[in-house]
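Good morning, colleagues. Today I should like to take you through the enclosed spaces, the pockets and the charged pairs of one protein model. Please have the sequence and the structure before you.

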Amino acid sequence: MSSNVNARSAAERAQILTEALPYIQRFHGKTVVIKYGGNAMVDDQLKQSFARDVVLMKLVGMNPVVVHGGGPQIGKLLEKIGKKSEFVQGMRVTDRETMDVVEMVLGGLVNKEIVSLINSHGGKAVGLTGKDGGLIKARKMVMHRPATDGSAPGGVIDIGHVGEVESIDPEVVALLDSRNFIPVIAPVGVGAAGEAYNINADVVAGKLAITLQAEKLILLTNTTGVLGKDGELLTGLTVEIVNDLITDGTIHGGMLPKVRYALDAVSGGVRSAHIIDGRVDHAILLEIFTDAGIGTLIRA
């Protein structure tokens, strides 16, 4: 009985490898930008799973580039030093003191932990922020006060050192890729006067994917993906279909901005964007190397 079970298990593993082979061949030498965040960043087992996935991608000839968030970690440290987090329209108000904490957490604690994780599984990761080598040029985000009576928006709200991407210089990332390193990037940009800006990690991942003309943009989330009106997972979506789903209200709430970043990426030349469940072990490998996948794929 035991030998039959072992034989079946071996056959199943062989089938998995056979299914993965054409994808490995197709994506050899291709760049994949991964936005790493959510539960996958805080659950110990998922962290190990993520690191192994990224190392395997590199070993089979792909060029993974990791962009990470760190909102909860920033919030915890601010709370520890007695500073209250304040949000306006979903954006963290970032004064100079908060920006110091953001840089410490994103560029230091979180970034170095991810680098260490990947390296402990046999990878060669290098941590960067957007300030390194002028990687991410940023400008201050201008936020307008929403109108309350249906008229035009009101005045500008100052939310401090929150930025948006002005340009990305791919040279550092390309150099690391060519030397078999895995770039791990914290979403901190630099302004014209050398000032630091906190930027949404989804935005940085999408803009970086466009700049690198990546094969894929993968956004790890705490949901299964884009769901239909009956709760079913939707995938194989085109830009036209996604726009229809936004118009009819199927895509709404917190999923809406992620879908818009995915649309921007594929409209900018990225072959496909994937919104996948980071709470699943080996989510990245399951999405890239299996026929069924596990999340939502969006293409032009």
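Let me begin with a lining. Tyr 36, Met 41, Lys 47, Gln 73, Val 110, Glu 113, Ile 114 and Leu 117 line the second largest cavity. I should say at once that this is a predicted model. The volume of this second largest cavity is about 40 Å³. By class, its lining residues divide into five nonpolar, one polar and two charged. Which helix gives the most to this lining? Helix α4, residues 96-120, does, with four residues.

Among the residues just named are Lys 47 and Glu 113, and these deserve a second look. Their side chains meet in a salt bridge, at 2.7 Å from N to O. The pair links distant parts of the chain, with Glu 113 in helix α4 and Lys 47 in helix α2, 66 residues apart. Is each partner buried or exposed? Lys 47 is buried, because its relative accessible area is 11% and the cut-off for buried is under 20%. Glu 113 counts as partly exposed, because its relative accessibility is 35%, which falls between the 20% and 50% cut-offs. As a general point, side chains of opposite charge can pair when their charged atoms come close.

Lys 47 brings us to helix α2 itself. This helix covers residues 44-59, 16 residues in number. From its first C-alpha to its last it reaches 23 Å, close to the 22 Å expected at 1.5 Å a residue. At the N-terminal end, Asp 43 caps the helix, with a side-chain oxygen 3.1 Å from the backbone nitrogen of Gln 45. After α2 comes Gly 61, whose phi is positive, near 100°. The buried residues of α2 include Leu 46, Ser 49, Phe 50 and Asp 53.

Those four names return in the next topic, the largest cavity, where Leu 46, Ser 49, Phe 50 and Asp 53 are among the lining residues. How many cavities of 30 Å³ or more does a search of the whole structure find? The search finds two. The largest holds about 70 Å³ of space. Besides the residues already named, its lining includes Tyr 36, Ala 40, Leu 220, Gly 278, Val 280, His 282, Ala 283 and Ile 284. The elements that give two or more residues to this lining are α2 and α9, the latter being residues 283-289. α2 gives the most, with four residues. By class, the lining has eight nonpolar, three polar and one charged residues. Tyr 36 appears in the lining of the largest cavity and also in that of the second largest.

I turn now to the open spaces. The largest pocket has a volume of about 690 Å³. It is lined by 31 residues, and Gly 69, Gly 70, Gly 71, Asn 200 and Ala 201 lie nearest its centre. Elements giving two or more residues to this lining are α3, β4, α6, β13 and α8. Which of the elements gives the most to the lining of the largest pocket? That is α3, with four residues. The lining divides into 14 nonpolar, 13 polar and four charged residues.

The second largest pocket has a volume of about 320 Å³. Of its 19 lining residues, Tyr 23, Arg 26, Lys 216, His 274 and Leu 297 lie nearest the centre. Here α1, β15, α9 and β16 each give two or more residues. Five of the lining residues are nonpolar, seven are polar and seven are charged.

Finally, the charged pairs elsewhere. The count of salt bridges comes to 12. One of them joins Lys 83 and Asp 95, whose closest N and O atoms are 2.9 Å apart. Lys 83 lies in the loop between α3 and β3, and Asp 95 in the loop between β4 and α4, 12 residues apart. Asp 95 is partly exposed, with a relative accessible area of 34%.

Another salt bridge pairs Asp 277 with Arg 279, the closest N and O atoms being 2.8 Å apart. Asp 277 is buried, at 6% relative accessible area, whereas Arg 279 counts as partly exposed, at 39%. In addition, salt bridges that share partners join Lys 35, Asp 202 and Lys 258 into one network.

Thank you for your attention.

Methods: Residues numbered from 1 in each chain as written. Predicted model: local features only at pLDDT ≥ 70, side-chain atom pairs only at ≥ 80, totals over all residues. Heavy atoms only, no water. Expected span 1.5 Å × (residues − 1). Buried < 20%, exposed > 50% of the residue type's maximum accessible area, 1.4 Å probe, protein only. Polar contact = N/O pair within 3.5 Å; in protein donor to acceptor, adjacent residues only side chain to side chain. 1 Å grid on protein atoms, 1.4 Å probe; cavity = no way out; pocket = protein on both sides within 12 Å on 5 of 7 lines; lining within 4 Å. Points joined across faces, edges and corners; volume = space filled by probe spheres on them. Nonpolar A, V, L, I, M, F, W, Y, C, P; charged D, E, K, R; others polar. Salt bridge = Lys/Arg side-chain N within 4 Å of Asp/Glu carboxyl O.
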